[in-house]
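Colleague: Could you take one part of this model and walk me through it slowly? I'd like to hear about the aromatic side chains and the strands around them.

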Amino acid sequence: QAYNCLIHFYKRMSGHHSCGAGCDHGAAGLVGEESGVAYSLYQKIDMTKLVCLNEMVEESGKLVFKPWEDRLNRNKFVESDADEELLINIPFTGNVKLKGLIVGGEEDDSHPAQVRLFKNRPNMTFDDAGAPADQEFNLVRDTSCTLEYKVKVVTFSSLHHLTIHFPSNFGADQTKIFYIGLAGEFTKADRVGVVNAVYEARAIPEDHKTRDKDGMLGSSGPAF
């Protein structure tokens, strides 16, 4: 299946595409250095609330969301612990229209073989991930972090929380990822920002912890 997806990818690159009904590999081709600006949504992730399940080293799931120019830094990675699965809950600081995904890993069998995406389902667990995904892709090994998978923009508009599930790899006991790139547009939550501003003006100290946990930022503009 991975071989067929790879053949499909090279056909796309050469301008030829022949695929049957239901084709949804997602591979759109290689992206160049100029695409680094588009892959800036990592800046819009609320890192204080990002949670990665089954990571071998605590907090390491946050390390794979990094600047484009740092994407090949293999000193920052996440590796699964008990088995090959990883699940990452990613809250944003506003609304996102997700357009593209890049997953970078090693050339060996630790590279994830599949990715499943869930929209606006905070605090998902592995049990929750048994539900149908909003979109999923079979992955091709990508050590250069340049293979982009096209996300269904209509489905992943008004996105404030993204869950990424990696259910399998190419046969290793653990899965290892050193880069996850997210491309799209970002709009800060104006209305919520106004509510927070009013809330802050009340200055109720005992409620600050709740505010910090649930609050979002305000104003609007693109991510790039």
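Modeller: Let's go with Tyr179, keeping in mind that this is a predicted model. Tyr179 has 0% relative accessibility, and since anything under 20% is called buried, that is where Tyr179 belongs. Trp68 gets the same label, buried, because its relative accessibility is 4%.

Now for the rings. The whole structure holds three aromatic pairs. In the one made by Trp68 and Tyr179, the ring centres sit 6.4 Å apart and the planes meet at 80°, so you'd call it edge-to-face, given that the label applies over 60 degrees. This pair ties together distant parts of the chain: Trp68 is in the loop between β2 (51–53) and β3 (78–79), while Tyr179 is in strand β9 (residues 176–188), 111 residues away. Add Tyr39 and you have one aromatic cluster of Tyr39, Trp68 and Tyr179. Trp68 also has a charged visitor: Arg71 lies over its face, 4.0 Å from the ring centre.

From β9 you can step across to β4, as the two pair antiparallel through eleven bridges; Asn95, for instance, has Thr187 in β9 as its bridge partner. Strand β4 (residues 86–105) has 17 of its 20 residues buried, so the rest of the structure largely encloses it. β4 also pairs antiparallel with strand β8 (residues 159–166), over seven bridges, with Asn89 partnered by Thr163. Three bridges join β4 to β2, again antiparallel, and there Cys52 partners Ile88. Finally, two bridges pair β4 with strand β7 (residues 147–150), also in the antiparallel sense, where Gly100 faces Lys150.

How values were computed: Residues numbered from 1 in each chain as written. Predicted model: local features only at pLDDT ≥ 70, side-chain atom pairs only at ≥ 80, totals over all residues. Heavy atoms only, no water. Phe/Tyr/Trp six-rings, centres within 6.5 Å; stacked < 30°, edge-to-face > 60°. Helix = DSSP H or I, 4+ residues; strand = E, 2+ residues; numbered from the N terminus. Buried < 20%, exposed > 50% of the residue type's maximum accessible area, 1.4 Å probe, protein only. Lys NZ or Arg CZ within 6 Å of the ring centre and 35° of its normal. Pairing = 2+ DSSP bridges.
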